[in-house]
Amino acid sequence: MLRPKNWPLWLGLIALLSLPIIAGYAWLVVGSFNERVHGVVPVGDWSIENWRFLWERVGRRPPVWTVLVNTLMLAGGVAALVVAVSSMAAYAISRLHFPGRGVMLGLVLVLHAFPAVSLLIASFYVLVRLGLFDTLLGVILVMSAFLMPLGVWLLKGFFDGLSWEMEMAALVDGASRWTIFFRLALPLVAPGLFAVATFSFLVAWGEFILPYTFIVSGRTWTFSIYLQSLIGDTEMADYGRLAAVGLFYMLPAVVVFLLGQRYLLTMYSGGSKG
Amino acid sequence: MTVAQLAHRGVPLRLEGLSKRFGSVQALRALDLEIETGELVAFLGPSGCGKTTTLLLIAGIYRATEGAIFFGDARIDALHPRQRDVGMVFQSYALYPHLSLYENIAFPLRLKRTPRDELKRRVEQAAELLGISEQLGRRPSQVSGGQQQRAALARALVKEPRVLLLDEPLSNLDAQIRLHARGEIRRLQQELGITSVLVTHDQSEALAMADRVAVFKEGVLLQYARSEELYERPADTFVAQFVGHPPMNVMPGRVENGTFIGDGFGAPVPPSCPAGDVSVGIRPEDAQVGGDLEAQVLVIEPLGREFLVTCRLGGETVQVLSRSRPEADATGRIGLHFPVERLHVFDDAGRRIAT
């Protein structure tokens, strides 16, 4: 590994620059387990009072476990849908010659550049028409559509790395296109699939605008809505509870990230190992 | 696997007027060719000559633009590859990297839903035939190049195909293993009696392994003949220079009064040779040192058994193989002799003239 001579200096600089972020996380941890804090310094007693939301409903909000399940379903659904559809699309774009292939590639890229928020109203109308407004499925569909272009482009890179001769061999061996796709191509781009799944899951997990716009009733709330409701509204914000909920919200994301980080890294090397 | 179990499924292979165009590129032009049952035919030519295209047409990877392919009496060019019953070995071996050698070899059988006992038996027999029984549990990246090549061959043979297609199967091997594998493949092919096509750009490989050789250039079949004939009577100057190493010396000029007049030298030709513009060819091993053609020695390369002498004869550069180191005079000159009966004569379009 590259190690410049004055590495302690660099490390110090990096630590200094990261300080605000570290302080933020420290506040979450300290604040959630204390009655009162001044900055990150606890002034009250250590307690788990702030974590009461785990077994008690907060005001008229839905139970946190419902919210957790909803968020898991949203993020998991988005990840599954994005992987399923973009892997097939990417394989077709990488391997098959069909009319409009070039145009399609370009359009997918343009879609990726489109800010999702600018289509918010249009998506709203579509969902209402489809009867999917205020449902998790509706949010899953919209989110997946916005994440798909990235998945297609990433996975196309992975599929491009597969050898043509291997596919020819499989054809001669008696395989159909579907067999090749499921039994040879997919397993060989598994790192790419995991990368796209992890990435989509994390994005969906943290997403606020789409669920906030398309979900009204408490039974379909996701975490970001829950958290937002604790900050705003009419009552005074309880910062201790806010810290506890924030920390709780973070944990699954951290777990998924830790599980998926080595695949996320392959995402940026373009899957050239194939 | 005893040989008899695998054998006797070969069929004659016939190509009729086979053409393939990719957009505006004519990759293969109206090819007619017949291969007998159990014969190994080599498709030889430089890259881009249409030999691999033809192989992929036979395998069913490409669809012919025109023409027909017959296995025996059955026309198969409209069939999906899986219905053609061919085995194929690719240049890169094209093994499935995430599967063990066992699963690689078993793959075609699994697709045919072969019963489990039979599958196991046949995979193990194919592996034994090729001497890779010990490596079956490993993945392709965990075995040597030679073993990968054998696994690819086992995968091609395990389904007992009617036709075996080999696309440059030896070019990724080290020189030493290559010679060995060459003999191995030939022996196996002969024992199994399986109709086979070998694509190669290496003329020595083609001559050594094949019953007959088809030489291609720019999508056209130039000559289809037994190795000896290809060497003794090349159909044109391209074949003459492509087959044989070092290549034949081909010198343009004209014939007058039974004498060939080249660029700055003259040599007698067979009396039957017609007058006019021709090219004359002589193989380096047929030309002799010691004669009345005066040539300037440029390089002498000892090859071990003999010496390769490159010299200047008039305006031509000529290569001669000599048993002994030629004795040049003080100015570096030697005499050359082209035996009349060893000369090849080609017309001004490069086609062979019978003499």
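**Exercise 1. State what share of the contacts in chain B between residues at least 6 apart in sequence join residues at least 24 apart, then describe chain B as a whole.**

Solution. Among contacts in chain B between residues at least 6 apart in sequence, 65% join residues at least 24 apart. The model is a predicted one. Next, take the secondary structure: chain B contains 19 strands and ten helices. For the extent, the C-alpha trace of chain B spans about 75 × 45 × 35 Å along its principal axes. Last, burial: 42% of the 355 residues of chain B count as buried.

**Exercise 2. Describe chain A under the headings used for chain B.**

Solution. Begin with the contacts: of those in chain A between residues at least 6 apart in sequence, 74% join residues at least 24 apart. Chain A has two strands and eleven helices. Their order along the sequence is α-β-β-α-α-α-α-α-α-α-α-α-α. The C-alpha trace of chain A spans about 75 × 65 × 30 Å along its principal axes. Of its 274 residues, 34% count as buried.

**Exercise 3. Examine helix α5 of chain A: find where α5(A) bends and by how much, and decide whether α5(A) is mostly covered or not.**

Solution. Step one is length. Helix α5 of chain A covers residues 136-160, which makes 25 residues. From first C-alpha to last, the helix reaches 34 Å, close to the 36 Å expected at 1.5 Å a residue. Step two is the axis. α5(A) bends by about 40° at L147(A). A proline, P149(A), follows within four residues of that bend. Step three is burial, for which a residue needs 20 or more other C-beta atoms within 10 Å of its own. In α5(A), 19 of the 25 residues are buried, so the helix is mostly covered.

**Exercise 4. Give the strand order of the open sheet of five strands in chain B, and identify its edges.**

Solution. The order is β13-β12-β11-β14-β19 (chain B), and the pairing is antiparallel. β13 (266-268) and β19 (344-347) of chain B are the edge strands, since each pairs on one side only. From one strand to the next, the twist averages 40°. Now take one pair within this sheet. Strand β11 (residues 249-256) and strand β14 (residues 276-282) of chain B are antiparallel and share seven bridges. To place the register, note that V250(B) has G281(B) in β14(B) as its bridge partner.

**Exercise 5. Analyse the hairpin of β9(B) and β10(B), and find which residue takes a positive phi.**

Solution. First, the strands: β9 (residues 212-217) and β10 (residues 220-226) of chain B run antiparallel and are joined by six bridges. Second, the register: F216(B) is bridged to L221(B) in β10(B). Third, the turn: two residues lie between the strands, and E218(B) takes a positive phi near 50°.

**Exercise 6. Characterise the side of chain B that touches chain A: how many residues are in contact, which elements give two or more residues, and what classes are present?**

Solution. Count the residues on each side: 16 of chain B are in contact with 14 of chain A. Then assign them to elements. Those of chain B that give two or more residues are α3 (81-84), β6 (86-89) and α4 (101-111). α4(B) gives the most, with three residues. Finally, sort the chain B side by class: twelve residues are nonpolar, two polar and two charged.

Conventions: Residues are numbered from 1 along each chain as its sequence is written. Chains are lettered from A and ligands numbered from 1 in the order in which they are written. This is a predicted model: local features need pLDDT of at least 70, side-chain atom pairs count only at pLDDT 80 or more; totals for chains, interfaces and linings use all residues. Two residues are in contact if their C-beta atoms, placed from the backbone, lie within 7 Å. Ala, Val, Leu, Ile, Met, Phe, Trp, Tyr, Cys and Pro count as nonpolar, Asp, Glu, Lys and Arg as charged, and the others, Gly among them, as polar. The expected span of a helix is 1.5 Å times one less than its number of residues. The bend at a residue is the angle between axes fitted to the seven residues ending there and the seven starting there. A residue is buried if 20 or more other C-beta atoms lie within 10 Å of its own, exposed if 12 or fewer, and partly exposed in between; C-beta atoms are placed from the backbone. Two strands pair if DSSP finds at least two bridges between them. Axes are lines fitted to C-alpha atoms, for helices over the stretch in contact, and angles run from 0 to 180 degrees between N-to-C directions.
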